[in-house]
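Subject: Handover of a structure and findings

Dear colleague,

Please find the structure below, together with its sequence. A summary of the findings follows it.

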Amino acid sequence: MTTLSIDHVSRWFGNVVAVNDITMTIGPGVTGLLGPNGAGKSTLINMMAGFLAPSTGSVTLDGQPVWRNERIYRHIGIVPEREAMYDFLTGREFVVANAELHGLGAKAAQKALATVEMEYAQDRKISTYSKGMRQRVKMASALVHDPSLLLLDEPFNGMDPRQRMQLMDLLRRMGDEGRTVLFSSHILEEVEQLAWHIEVVVAGRHAASGDFRKIRRLMTDRPHRYLVRSSDDRALAAALIADPSTSGIEVDLAEGALRVQAVDFGRFTVLLPRVARDHGIRLHTVSPSDESLESVFSYLVAA
Amino acid sequence: MYDPTVARLTYRALLGRRRALILGALPLLLLVIAAVVRALAGADDQTAVNVLGGFALATMVPIIGVIAGTGAIGPEIDDGSVVYLLSKPLKRPTIIFTKLIVAIAVTMVFSAVPTLLAGLILNGNGQQVAVAYTVAALVASIAYAALFLLLGTVSRHAVVFGLVYALVWEALFGSLVPGARTLSVQQWSLAVAHKVADGDMVTSDVALPTATVLLVMVTVLATWYAGQKLRSLTLAGEE
Ligand SMILES: Nc1ncnc2c1ncn2[C@@H]1O[C@H](COP(=O)(O)OP(=O)(O)O)[C@@H](O)[C@H]1O
Ligand SMILES: [Mg+2]
């Protein structure tokens, strides 16, 4: 049982608050840390990995502090976001060096290379590797000592679909074996496919927590905004606002369009064409105006 | 205290093709200068002292020290690959001490060996001048490696600061401000060389006991402090 506890952790860089009073517990299984770019995921992972001191609060692994405690790395495997490795080494030399630094030998390294299916390219220089190959060798270096906690910062970045699938299978297996696996991502689908549990971080704050169904619900239950252009905006607005599925309408004169906010997504998608037909109004444009993940996240934070 | 894997990684990074070329350039220049001077002026003890003292010890050794000392850790910290050392159950002072040993060895090889060869070319080690400056280069290698390893640990601009120290402080400021010479690795190593060479062929502004104490102190303190800095080195994301 390996449990990582983040207790009222904040971290600021000068005036920038990168992580704002986050408390969470990461237990066995696969946890996804989801948030848009700049949310503070890397900062949080760096603190979990003992590479960065929290400005306030504490990070502990089974009760042991993580910061300034190098013995903790017997239990932690880390796959950093940054690309830099010892590019002048071959993949095998790199993983062997990582094994030796743990007091292990070439056998452990070979096993890790086999796990990530990199044996075929192990004798090539890392400088010649593709992004996905680098990622897998980084993974092997994190696995040599059979850690009970695995931290991965944006591990799927730059991977092709096949490599992504392989790594997902591998992480799933690690989770099934009872290891504590935490990975970060800014892509909802990635996290949904893999994580048993999701922690959402937005603008440095802990926005939501739960399994993917709960997070999905939070994301789809939010108000949806649409930009609508029609043959008679005024009449359409009057007819739509009468229905409870519509919570707000704005006439945007500059755009020559309506901005509609719908609270009940399902009902609204049925309502709009019906109302238009009933009033003899032609719909020119109906487009969701804020479907970006960014806006979903900012909604979650405001909630 | 010494980790062979850390040492191997450091050697390979330091002696990679590009850096090895830079490390080899100055020693080569020294040998060329020595050969030309010998051919033009013949064997002369004072000329040997001028070349070895003025170029080898005053310029070449500190620059090699900067490249090896900062290069033993600075690039790893800059590009973030140091994370693969830091994410291991290794004592931080062990990492520093190992890198110090490597930096010293590389500085010695690339500075003391060419100094000896140049001395032999210049005057065939007359009055022990070649050996004296070789000893000075060996001694200076230790202190420079420690100082510049610390600099590489604490600063992203270690090479620039290192060169400024080596060239401005050691060479220029030292000759203008008398007190500054007491705080000069070059003078400390000259104090040792003075004992080796015959008579007063090689002189230093610092007495040997003072020089020895300062050399040991600087080396030990710089190494200890670098270990402390590495313990609290933070790795944050790129902005
Ligand atoms: N070393 C640093 N110095 C200053 N600001 C930083 C530093 N690292 C991160 N930040 C800031 O902290 C915030 C969170 O960054 P980060 O943790 O990298 O986010 P994410 O990994 O979710 O994209 C950003 O606003 C970023 O600019
Ligand atoms: Mg990040």
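Ligand 1 is surrounded by residues from both chain A and chain B, so its site is shared between the chains. Please keep in mind throughout that this is a predicted model.

The site of ligand 1

The surroundings of ligand 1 comprise 14 residues, and those that come nearest are A:Gly38, A:Gly40, A:Lys41, A:Ser42 and A:Thr43. Three of these residues place polar atoms close to oxygen atoms of the ligand. For A:Gly38, a polar backbone atom is 2.7 Å from an oxygen atom of ligand 1. For A:Gly40, the atom concerned is a backbone N or O, and the distance to an oxygen atom of ligand 1 is 3.0 Å. A:Ser42 instead uses its side chain, a polar atom of which lies 2.8 Å from an oxygen atom of ligand 1.

On its own, ligand 1 has 560 Å² of accessible area, and the protein covers 77% of this. Two elements of chain A, β2 (16-26) and α1 (41-48), each give two or more residues to the shell around the ligand. The largest share of that shell comes from α1(A), with three residues. Sorted by class, the shell around ligand 1 contains six nonpolar, six polar and two charged residues.

The interface of chain B and chain A

In the contact between the chains, chain B takes part with 32 residues and chain A with 28 residues. About 2900 Å² of area is buried between chain B and chain A, and carbon and sulfur atoms give 58% of it. On the side of chain B, the three residues B:Arg12, B:Tyr84 and B:Pro89 supply 25% of the area that this chain buries against chain A, more than any other three residues.

The interface also holds polar and charged pairs. Between chain B and chain A there are 11 residue pairs in polar contact, counting pairs with both residues at pLDDT 80 or more. The elements of chain B that give two or more residues to the side touching chain A are α1 (4-14), α4 (74-79), α5 (83-86) and α11 (208-231). Of the elements on this side, α1(B) gives the most, with six residues. By class, the residues on the side of chain B that touches chain A are 13 nonpolar, eight polar and 11 charged.

Salt bridges

Side chains of opposite charge can pair when their charged atoms come close. Three salt bridges are found across the interface of chain B and chain A. In one salt bridge, B:Lys91 pairs with A:Glu70, and their closest N and O atoms are 3.7 Å apart. Over all chains, the structure holds 14 salt bridges. The pair of B:Lys91 and A:Glu70 crosses between chains: B:Lys91 sits in the loop between α5 and α6 (92-123) of chain B, and A:Glu70 in the loop between β5 (64-65) and β6 (76-79) of chain A.

With kind regards

Technical notes:
Residues are numbered from 1 along each chain as its sequence is written. Chains are lettered from A and ligands numbered from 1 in the order in which they are written. This is a predicted model: local features need pLDDT of at least 70, side-chain atom pairs count only at pLDDT 80 or more; totals for chains, interfaces and linings use all residues. Side-chain values use heavy atoms; hydrogens and water are left out. A residue is near a molecule or strand if one of its heavy atoms lies within 4 Å of it. A polar contact is a pair of N or O atoms within 3.5 Å; within protein, one must be able to donate a hydrogen and the other to accept it, and residues adjacent in sequence count only if both atoms are side-chain atoms. Accessible areas come from the Shrake-Rupley method with a 1.4 Å probe; for residues, only the protein chains shown count as cover. Helices (H or I, at least four residues) and strands (E, at least two) are DSSP runs, numbered from the N terminus. Ala, Val, Leu, Ile, Met, Phe, Trp, Tyr, Cys and Pro count as nonpolar, Asp, Glu, Lys and Arg as charged, and the others, Gly among them, as polar. Contact means heavy atoms within 4.5 Å. Buried area is the accessible area (1.4 Å probe) that two parts lose on being put together, summed over both. A salt bridge is a side-chain nitrogen of Lys or Arg within 4 Å of a carboxyl oxygen of Asp or Glu.
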